[in-house]
Each structure stands twice: as C-alpha cells, then as structure tokens.
Amino acid sequence: MTELQAAVAAAEAAALTTIAQAADLAALEALRPELLGKKSALRTHMKGLGSLPAEDRPEAGRVINDAQARVEEAFAARLAELREADLARRLESERIDITLPAPAAPAGSLHPLTLTLLEIERIFVSMGYDVAEGPESETEANNFDLLNILPHHPARDMHDTFYLEAGGILRTHTSPVQVRYMLAHKPPLAIIAPGRVFRVDDVDATHSPVFTQVEGLVVDRGISMAHLRGTLDAFLKAMFGEDVETRFRPSYFPFTEPSAEVDMRWHGAKGGGGWLEVLGCGMVNPAVLENCGIDSREFTGFAFGLGVERFAMLRYGIPTIRAFYENDIRVLRQFAS
Ligand code: DAH
C-alpha cells in the first residue's frame, strides 16, 4: 500500500512539475495525452488495482483518483493562466489608438478627357472666349434645320441619330449651342461650347456612340477667314507646341461657307508621320446667321468643332478611344498629378 502511495505521489509530483513548466498554450496542449489520457502514469496505476488484496482496493483507488483530480485541476489552472497571458499579449500587440486620425481616403484625380477639356478651355478663355453650354437632348430644329441641315441630309437618318420617344433627339454635335447662343445674345460674341454628343455608332478604336466635342463660334463685324486661321493656329500651338504644323483643306458643312478641315502634322517614332485631321471649321453660313436673327449683311462669323477624345489621344499618345470609358484604374492613375 505505502509502496503504491509512494509511486502515485511521485507520478503526481512529476505531472505537476511538467504542467508548471509548460511555457505556452501549445506546449501545454501537447502534454494533454501524456498527463490526462488513458495511458497516463496515474491511470496505469489504476489498472494495477486488480492485483491488490480486495480490502486494500478502495483506499488505493481513492488515493489514485485524488491524485488524478489534482493533476486535472493543475492542468486546467495552467491552461487558464496561459490563455490569459496569451490574450494580454494579443491585446497589447493589436492595440488600436482610436484617438489617431483615420488614414485619408485615397484622393481621386481628373480624367484625361477632363484634363484635356480644361486645357482647351484655358486657352480659349485666355483669348477672351466665354464658355457656353446646351442640353444633350435637343430639338431637330436646333440640331439640324436652323443649322441649314436640310430634311433629306443623311445625318438625319434614323441609323445615325438617336430619336427620343418623347420627341426630340440626342444632339449629334455641339453645333446647336451656336443656335441657342445666337438666339439669346447679340454680337459681338465669342464662345466655346463643350459637351457630350451622341451617334448611332459601334465602339471601335476611334468611335464611340457617346463622345465629347468643343464647338467654337465668333460673330462680329468684319470677321474673316484670316481670323479663323490665326485663331486655330494659335490654339493648336498652345495645345501641342510652337513647332506644330497645320494645314487647311477645303471641305463642306451645311452650316459654314466656305468650310475647311484642319490637319495637323504628326511625327512617328520611326521617322514616319503624316497629316491627321483634327477639326472642322468655316465661315458661318449667312443662312444660319439669318435663322438666328443676326443680320448677315452687317455681321460675319467663324465656327469650328473638334473632338476632345481625339485631342486627348494625340496629347497623351493613347491608342484607343475605349481607354476613356473603361475606367480601368491602372490607366486613370497615370494621369494623377
Ligand atoms: N458639327 C460638326 C460635326 O459634328 C463639326 C463642325 C464642323 C462644327 C465645322 C463646326 C464647323 O462649327 O464649323 O461633325
């Protein structure tokens, strides 16, 4: 009996020491089978009870059970202690100072089309122009008739223009802003009119059903083609650099007479290059002035229209118009200032 008691006491003491020495939760958990499992030293003694005289068995069983209970208690206590230490360490390392200012939201940046438009506006405003705007849904009269685009002109085809069920259309160009402005103001006048325009077009590298134009209009006494040339030359040089070359090519628009297209010379990387059309322009057709209540014997004017996407593509070397509408953050980020 005393022999067994001594052995149990030794096993208990060993178990308690091992528990006390477990340095962290993982180490303690690793000891669980050895100390509390079916094959622990104390449970092995339990199995040996059968070989004791019957009258000694109850007392021996109690001694072993008490020792086992103390080991379990010590294990639970150490477990609780280590858990608490672990929690305290995590709380310390993951501490958040809620009095610190929150990190700033990432600042957005202006879209390359907006940047290009702002530059165009800056140049014309510096030459004394006002910036005018008109609605994106227009009357057929403003978009076509008053601009001398007659009923059978192909631009008026259902396939080229979005007709609205409620009447009217989505404007196909910013030229109707000329009409609106002339109907509301007396010359002298000098405006640019930026805005979105709409055409029934499929998306490809250079076309989109929605794109952006800037219209220009100057009306005064004695305005001539020379003013038009000088203005556009100054504008393109301000936009693309002093050494830019431009040329005027005869063209046709119903709302101007004479009409021209302006080409700009570009230089390719491998010495190539060529002329690229960048805008349409002309002297305001006297019929348009009269339609808008301006006496064409007293006043003359010039007008022009350009596509902002094309300007932005040239300015930044962007190869496809799609880049402006996909809003790929990797593309847009390159324009953050
Ligand atoms: N409205 C024309 C278009 O969208 C562009 C244009 C050409 C505008 C000549 C003008 C102009 O004011 O004079 O294709």
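## Cis prolines

Pro-258 sits in strand 7, which covers residues 256-267. The peptide bond leading into Pro-258 from Glu-257 is cis, with omega near 0 degrees. Keep in mind throughout that this is a predicted model.

There's another cis bond to look at, from Pro-187 to Pro-188, where omega is near 10 degrees. Pro-188 lies in a loop, with helix 7 (176-184) on one side and strand 4 (189-198) on the other. For background, most peptide bonds are trans.

## Two domains

The domain assignment splits the chain into domain 1, residues 2-93, and domain 2, residues 112-335. How far apart are the centres of domain 1 and domain 2? Taken over C-alpha atoms, the separation is 90 Å.

## Helix 4 and what packs on it

Helix 4 runs from residue 57 to residue 93. With 37 residues, helix 4 spans 53 Å between its first and last C-alpha, close to the 54 Å you'd expect at 1.5 Å a residue. Its buried residues are Ala-60, Gly-61, Val-63, Ile-64, Ala-67, Gln-68, Val-71, Phe-75, Arg-78, Leu-79 and Leu-82. If you're wondering about the spacing in that list, an α-helix has 3.6 residues a turn, so residues three or four places apart point the same way. The cover over the buried residues of helix 4 includes helix 1, helix 2 (25-36) and helix 3 (41-47).

How do helix 1 and helix 4 run relative to each other, roughly parallel or roughly antiparallel? The axes of helix 1 (residues 2-21) and helix 4 come within 10 Å and cross at roughly 5 degrees. Angles under 35 degrees count as roughly parallel, so that is how helix 1 and helix 4 are described. On the helix 1 side, the contact uses Leu-4, Gln-5, Val-8, Glu-12, Ala-15, Leu-16, Ile-19 and Ala-20. Helix 4 brings in Glu-59, Ala-60, Val-63, Ile-64, Ala-67, Arg-70, Val-71, Ala-74, Phe-75 and Arg-78. By class, the contact of helix 1 with helix 4 comes out as 13 nonpolar, one polar and four charged residues.

## Helix 5

Helix 5 takes in residues 112-126, 15 residues in total. From first C-alpha to last, helix 5 reaches 21 Å, close to the 21 Å expected at 1.5 Å a residue. Which residues of helix 5 are buried? They are Pro-112, Leu-113, Thr-116, Leu-117, Glu-119, Ile-120, Glu-121, Ile-123 and Phe-124. Just past the end of helix 5 comes Gly-128, with a positive phi of about 95 degrees.

## Helix 8 against helix 10

Over in domain 2, which takes in residues 112-335, have a look at helix 8 (residues 225-240) and helix 10 (residues 308-316). The axes of helix 8 and helix 10 come within 11 Å, crossing at roughly 45 degrees. That angle makes helix 8 oblique to helix 10. Helix 8 makes the contact with Phe-235, Leu-236, Met-239 and Phe-240, while helix 10 uses Phe-311, Leu-314 and Arg-315. Sorted by class, the contact of helix 8 with helix 10 has six nonpolar residues, no polar ones and one charged.

## Two asparagines with positive phi

Most residues other than glycine have a negative phi. Asn-148 goes the other way, with a positive phi near 70 degrees. You'll find Asn-148 in the loop between helix 6 and strand 3 (169-170). Its relative accessible area is 23%, so Asn-148 counts as partly exposed.

Asn-327 isn't a glycine either, yet its phi is positive, at about 55 degrees. Asn-327 belongs to the loop between helix 10 and helix 11 (329-332). Is Asn-327 buried or partly exposed? At a relative accessible area of 47%, Asn-327 is partly exposed. Leaving out residues up to four places away in sequence, Asn-327 touches His-111 and Leu-332. Between Asn-327 and Leu-236 there are 28 Å, C-alpha to C-alpha, and the two are 91 residues apart in sequence.

## Ala-141

Ala-141 is part of helix 6, residues 140-143. With a relative accessibility of 33%, Ala-141 counts as partly exposed. Once neighbours within four places in sequence are set aside, Ala-141 is in contact with Leu-146 and Leu-147. Ala-141 and His-173 are 32 residues apart in sequence, and their C-alpha atoms are 13 Å apart in space.

Definitions and conventions: Residues numbered from 1 in each chain as written. Predicted model: local features only at pLDDT ≥ 70, side-chain atom pairs only at ≥ 80, totals over all residues. Heavy atoms only, no water. Helix = DSSP H or I, 4+ residues; strand = E, 2+ residues; numbered from the N terminus. Expected span 1.5 Å × (residues − 1). Buried < 20%, exposed > 50% of the residue type's maximum accessible area, 1.4 Å probe, protein only. Axes fitted to C-alpha atoms, helices over the stretch in contact; angles between N-to-C directions. Parallel < 35°, antiparallel > 145°, perpendicular 65-115°, else oblique. Contact = heavy atoms within 4.5 Å. Nonpolar A, V, L, I, M, F, W, Y, C, P; charged D, E, K, R; others polar. Domains from an automatic or database assignment.
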